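Here is a friendly walk through the model shown below. Have the viewer open as you read.

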Amino acid sequence: MTTPTVLFVCVHNAGRSQMAAGYLQALAGDRVDVRSAGSAPKDEINPVAIEAMAEEGIDIAGNAPKVLTVEAVRESDVVITMGCGDACPIFPGKRYEDWELDDPAGQGIDAVRPIRDEIRARVETLIASLVPDAPHA
């Protein structure tokens, strides 16, 4: 079986998509190829998102926001958008999901924790659908 590729997309690729990618990498390991991008990426990852993930023992501080490309979407099996709307190209045969999540930009840690926890729950469900024999965290 080939390794599925998952692309997380949000506008700035600085918060939600980075947290989701961090969780998927940590929880699925090499069973899933993880990517993230943004339609208008920021210069750096949201420091509160980094702090929230560090509380979970996941270090996303070394990641950098990346611009969304058509190639990244074409090469992915699953594309998960987080409020980027029409910025994401659609290709037939791909699995698309839109996760309605609050934007952590400008929020304090107390507001970001519930967003992080919602992302983790969704990532765990995603892993179960992609890697059916995966042990649950």
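## Helix H2

At the start of H2, the backbone nitrogen of Val48 has a side-chain oxygen of Asn46 within 2.8 Å. Helices (H or I, at least four residues) and strands (E, at least two) are DSSP runs, numbered from the N terminus. This is a predicted model: local features need pLDDT of at least 70, side-chain atom pairs count only at pLDDT 80 or more, and totals for chains, interfaces and linings use all residues. Residues are numbered from 1 along each chain as its sequence is written, and side-chain values use heavy atoms, leaving out hydrogens and water.

H2 has Val48, Ala49, Ala52 and Met53 as its buried residues (under 20% relative accessible area, 1.4 Å probe, protein chains only). Because they cover an arc of only 135° around the axis (taken from the directions from the helix axis to the C-beta atoms), they sit on the same side of H2. These buried residues pack against H1 and H4 (heavy atoms within 4.5 Å).

## The cores

The largest nonpolar core (buried Ala, Val, Leu, Ile, Met, Phe, Trp, Tyr and Cys residues joined through side-chain atoms within 4.5 Å) has 32 residues, of which Val6, Phe8, Leu24, Trp99, Val123 and Leu126 touch the most other members. H4 gives the largest share, eight residues. Another core, of nine residues, lies apart from it and includes Leu7 and Leu68.

## An aromatic pair

Which residues form the aromatic pair? Phe8 and Trp99 do, in a tilted arrangement, 5.8 Å centre to centre with 55° between the planes (centres within 6.5 Å; tilted means neither under 30 degrees, stacked, nor over 60, edge-to-face). Phe8 lies in strand S1 and Trp99 in the loop between S4 and H4, so the pair ties together parts 91 residues apart in sequence. Both residues, Phe8 and Trp99, are buried.

Definitions and conventions
Buried < 20%, exposed > 50% of the residue type's maximum accessible area, 1.4 Å probe, protein only. Polar contact = N/O pair within 3.5 Å; in protein donor to acceptor, adjacent residues only side chain to side chain. Phe/Tyr/Trp six-rings, centres within 6.5 Å; stacked < 30°, edge-to-face > 60°.
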